[in-house]
Amino acid sequence: MTPGKLNLLCPQGSTFSRTLTYKLDDSPVDLTGYDARLQVREYHYSDDFVVNLSNLSGITLGGSAGTITVFIAASATQELVPGSYVYDLELVAGGTVTRLVEGKFTVTPEVTR
């Protein structure tokens with residue numbers, strides 16, 4: 001499966017929340033039993049991540065609805081350095097890893113502090 005392309009915009013100092021729905025043939029995929037992970041890095045080959053989320057922290061999977069909600073608290077986005085990064089979101093089930101979506105993750109600077 002080829003990953004989808006989705007560029008994300010994250011305003012520094014604001015709550016970041018996006019909900020995606022994973023569908024095949026226009027039907028939601030049941031994500032019961034799946035794990036999810038998302039990392040944001042400066043470059044594809046950077047050793048360090050800027051954001052590291054999983055379904056244990058920051059990602060909520062919606063079971064039979066096929067939804068994936070990504071959440072980063074305002075207190076965490078406040079610490080992000082404005083700029084352009086890369087990310088991907090992977091689903092893991094039964095040892096199979098599927099890169100669902102990838103793209104740019106852009107942090108815009110906060111003015112009001």
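This briefing covers the cavity, the pockets, the aromatic pairs and two residues around the end of a helix. The model is predicted. One cavity of 30 Å³ or more is counted, and the largest pocket holds about 260 Å³ of space. Y87 recurs in several of these topics: Y87 lines the largest cavity, lies among the residues nearest the centre of the largest pocket, and belongs to an aromatic cluster.

**Cavity**

- The count of cavities of 30 Å³ or more comes to one, and the largest cavity encloses about 40 Å³.
- Its lining consists of L6, L8, R18, L20, L38, V70, Y87, L89 and V101. Strands β3 (16-21) and β10 (83-93) are the elements that give two or more residues to this lining.
- In terms of class, eight of the lining residues are nonpolar, none is polar and one is charged.

**Largest pocket**

- The largest pocket has a volume of about 260 Å³ and a lining of 15 residues.
- Nearest the centre of this pocket lie Q39, H44, V86, Y87 and D88.
- At least two lining residues come from each of β6 (35-41), β7 (49-54), β10 and β11 (96-108).
- The lining of the largest pocket comprises seven charged, four polar and four nonpolar residues.

**Second largest pocket**

- The second largest pocket contains about 150 Å³ of space.
- M1, G4, L20, T21, Y22, K23, L100 and V101 form its lining, with β3 and β11 each supplying at least two of the residues.
- Five residues of this lining are nonpolar, two are polar and one is charged.
- L20 and V101 take part in the lining of the second largest pocket and also in that of the largest cavity.

**Aromatic pairs**

- Two aromatic pairs are found in a search of the whole structure. One of them joins Y87 and F105 in an edge-to-face arrangement, with 6.5 Å between the ring centres and 65° between the planes.
- This pair connects distant parts of the chain, since Y87 belongs to strand β10 and F105 to strand β11, 18 residues apart.
- Y87 counts as buried because its relative accessibility is 5%, under the 20% limit for that class.
- F105 is likewise classed as buried because its relative accessible area is 2%.
- Together with F16, the residues Y87 and F105 make up one aromatic cluster.

**T77 and Q78**

- T77 is part of helix α1, which spans residues 74-77. T77 counts as buried because its relative accessibility is 0%.
- A polar atom of the T77 side chain lies 3.2 Å from the backbone oxygen of A74.
- Apart from neighbours within four places in sequence, T77 is in contact with C10, P11, Q12, G13, S14, F16 and I72. F16, one of these contacts, is also a member of the aromatic cluster.
- Q78 is placed in the loop between α1 and β10. Q78 counts as partly exposed because its relative accessibility is 46%, a value between the 20% and 50% limits.
- With neighbours within four places in sequence left aside, the contacts of Q78 are Q12, G13 and E110. Q12 and G13 are also in contact with T77.
- Q78 and A93 are separated by 15 residues in sequence, and their C-alpha atoms are 33 Å apart in space.

Technical notes:
Residues are numbered from 1 along each chain as its sequence is written. This is a predicted model: local features need pLDDT of at least 70, side-chain atom pairs count only at pLDDT 80 or more; totals for chains, interfaces and linings use all residues. Side-chain values use heavy atoms; hydrogens and water are left out. On a 1 Å grid over the protein atoms alone, a cavity is a set of points where a 1.4 Å probe fits but cannot get out, and a pocket is an open set with protein on both sides within 12 Å along at least five of seven lines; lining residues have an atom within 4 Å of a point. Grid points are joined across faces, edges and corners, and a volume is the space filled by probe spheres set on the points. Helices (H or I, at least four residues) and strands (E, at least two) are DSSP runs, numbered from the N terminus. Ala, Val, Leu, Ile, Met, Phe, Trp, Tyr, Cys and Pro count as nonpolar, Asp, Glu, Lys and Arg as charged, and the others, Gly among them, as polar. Buried means under 20% relative accessible area, exposed over 50%, partly exposed in between (1.4 Å probe, protein chains only). A polar contact is a pair of N or O atoms within 3.5 Å; within protein, one must be able to donate a hydrogen and the other to accept it, and residues adjacent in sequence count only if both atoms are side-chain atoms. Contact means heavy atoms within 4.5 Å. Rings of Phe, Tyr and Trp (its six-membered ring) pair if their centres lie within 6.5 Å; planes under 30 degrees apart count as stacked, over 60 as edge-to-face and the rest as tilted.
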